[in-house]
Amino acid sequence: MTREFPSHVDVAIVGSGPTGAAYARIISEESPQTRIASFEVGPQLTERPGLHVKNIANPEERASAQRRSQGLEPSLSGAPSGEVDGPPRLVRPGTYLLDSGYRQPGEDGLPAAAMSSNVGGMGAHWTAACPRPGGQERIPFIPDLDDLLTEGERLLKVSTSAFAGAPLADEVRRRLSGALDPGRPADRKVSVMPLAVETGDDGSVTWAGSDVVYGEAGRSNPHHSLYADALVTRVLVEDGRARGVVVRDMLSGDEHTVHADYVVVAGDSLRTPQLLWASGVRPEALGRYLNDQPQTVFAVRLRDIPEAAVTSTPSSGTAITPQSGVSWVPYTDEEPFHGQVMQLDASPVPLASADVPAPGSIVGLGWFCAKDIQASDRVAFDDDRVDAYGMPAMSIHYQLTDRDKESIAAAGRSVRRAAAALGEPLNADPITLPAGASLHYQGTVRMGQTPDGTSVCSPESRVWDVAGLYVAGNGVIPTATACNPTLTSVALAIRGARDIVRALHAERN
Ligand code: FAD
């Protein structure tokens, strides 16, 4: 069946994860006459585009939606973990691993480098933790960062009341505070984790995906169309200006040219630079400064919990029985780790699968480190080899420095301290997950203040030297962050979207 694609739009958006959705939302709200087309290589999983799969009550339907997000090569997806070519790789439901090129000889590589291909991107599978960056995580040349983060919280519907009724949450935080708060600034003390989660009056929990970011404004905008199963193979660039995109209909194989005045590439930190490379846009910093957040996990059985405080109703369907909730140990420059302490079923990543816990008595601790950023850590692309989608094949070059090894060791000490305050660890030692497991890849299309060769785009996310071309996603973040990056990258997408709105208004008036 031949699908119709528009021949011309004002703004073409590549990718339907939270950052592509943020562009569509802001432009829909602030310039409702603008014609927008969003293109997503993966399938639409749910009737409402971009719904988080955890909101699908039927377990088989949820598992099917996860499988359909796992790209074209199911051999590397689905398994909870596996040994492929040496050190273990870890794959989460709804994601699939980079099949080859994830490690070069003699290097550490990113064995757990993963992607999701579906409407909603990884935002249909995420944990929805939305902390604000602090200290050196913050981008010093974005003066309105706090306002943008507030806007990002609006788009993602971030709240701190998702697990407000959790009977053990206050006790977890009290214990963590006692051990970790002394010396912390007032705004970086142990607190409730801000989550992009809504709780209904009946206690039901709804996880925000791109559907929430698109919002009513993006969804019901008659001038916005979202095309699933549509791979953008090239951004058209003529005379130093983006002119549109070439789209391959994954259902028919047909190619279409869609002319556009502005093009936003929001294809994740590996595929955004891939598309730029495929389009002949190859600034020096493209793909470089790649950084992932080394992640250490531990699980603890809370000590001295009164039996009456533990609920015996297990979570089921989309409902989660509040137990210990989700707590946040914020990053500080002195303690440069981002910590999450959560009841196990509030994470899509099983942390203690072998244990059959008394509900609520076990919490998972995840500590993330900021990487020592270096230009040599990069995703490079091949002009002669292609991946399963026919796009330039990726090779990851990635090395942990001595500083990284020290900070991973320090994170291990810090997580042990937190665990000791809470109860008895289930294992002798914390586990450091394989590199890439954080799923927070940054830096590959980073922003900078000037086009000095160390950045790909401006503070407005405009690609240097290609007018009308914008990049979005965690790859834009130039700093070494330890906290979950989506709120920050949505905030930066809002800034970029407003830049487009300003330019459109200036052209029309
Ligand atoms: P994505 O969500 O990755 O979306 C990019 C989309 O672009 C994809 O759907 C892809 O198919 C599409 N695309 C790529 N190339 C093309 C092309 N050429 N043509 C057409 N389409 C293309 N982050 C947090 O901040 N907090 C968390 O708690 C958290 N937990 C997570 C837990 C899990 C299990 C996972 C999987 C992720 C988690 N993340 C978390 C990461 C978070 O999901 C990502 O940061 C976020 O989704 C990034 O948004 P994005 O729009 O930049 O990219």
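Leaving aside neighbours within four places in sequence, D249 is in contact with R3, F5, D229, D254 and H256 in this predicted model. The residue itself belongs to strand 12, which covers residues 241-249, and with a relative accessibility of 1% D249 counts as buried. A polar atom of the D249 side chain lies 2.9 Å from the backbone nitrogen of L251.

**Salt bridges**

The count of salt bridges in the model comes to 31. Three of these pairs are set out below, each with the separation of N and O atoms.

| Pair | N to O distance | Citation |
|---|---|---|
| R25 and E29 | 2.7 Å | salt bridge |
| R154 and E29 | 2.8 Å | salt bridge |
| R403 and D372 | 3.8 Å | salt bridge |

Within helix 1 (residues 18-30), R25 and E29 are placed 4 residues apart, which corresponds to about one turn of the helix, and their side chains form a salt bridge whose closest N and O atoms are 2.7 Å apart. As for accessibility, R25 is buried, at a relative accessible area of 10%, whereas E29 is partly exposed, at 30%.

E29 also takes part in a salt bridge with R154, where the closest N and O atoms are 2.8 Å apart. This second pair links distant parts of the chain, since R154 sits in helix 3 (residues 145-156) and E29 in helix 1, at a separation of 125 residues. R154 counts as partly exposed, with 34% relative accessibility. Both pairs fall within a network of salt bridges that links R25, E29, E30, E151, R154 and R498.

Elsewhere in the model, the side chains of R403 and D372 meet in a salt bridge, at 3.8 Å from N to O. This pair, too, links distant parts of the chain: R403 is located in helix 7 (residues 402-422), while D372 is found in the loop between strand 17 (362-369) and strand 18 (378-386), 31 residues apart. Which of these two partners is buried and which is exposed? R403 counts as exposed, because its relative accessibility of 58% is over 50%. D372, by contrast, counts as buried, because its relative accessibility of 19% is under 20%.

How values were computed:
Residues numbered from 1 in each chain as written. Predicted model: local features only at pLDDT ≥ 70, side-chain atom pairs only at ≥ 80, totals over all residues. Heavy atoms only, no water. Salt bridge = Lys/Arg side-chain N within 4 Å of Asp/Glu carboxyl O. Helix = DSSP H or I, 4+ residues; strand = E, 2+ residues; numbered from the N terminus. Buried < 20%, exposed > 50% of the residue type's maximum accessible area, 1.4 Å probe, protein only. Polar contact = N/O pair within 3.5 Å; in protein donor to acceptor, adjacent residues only side chain to side chain. Contact = heavy atoms within 4.5 Å.
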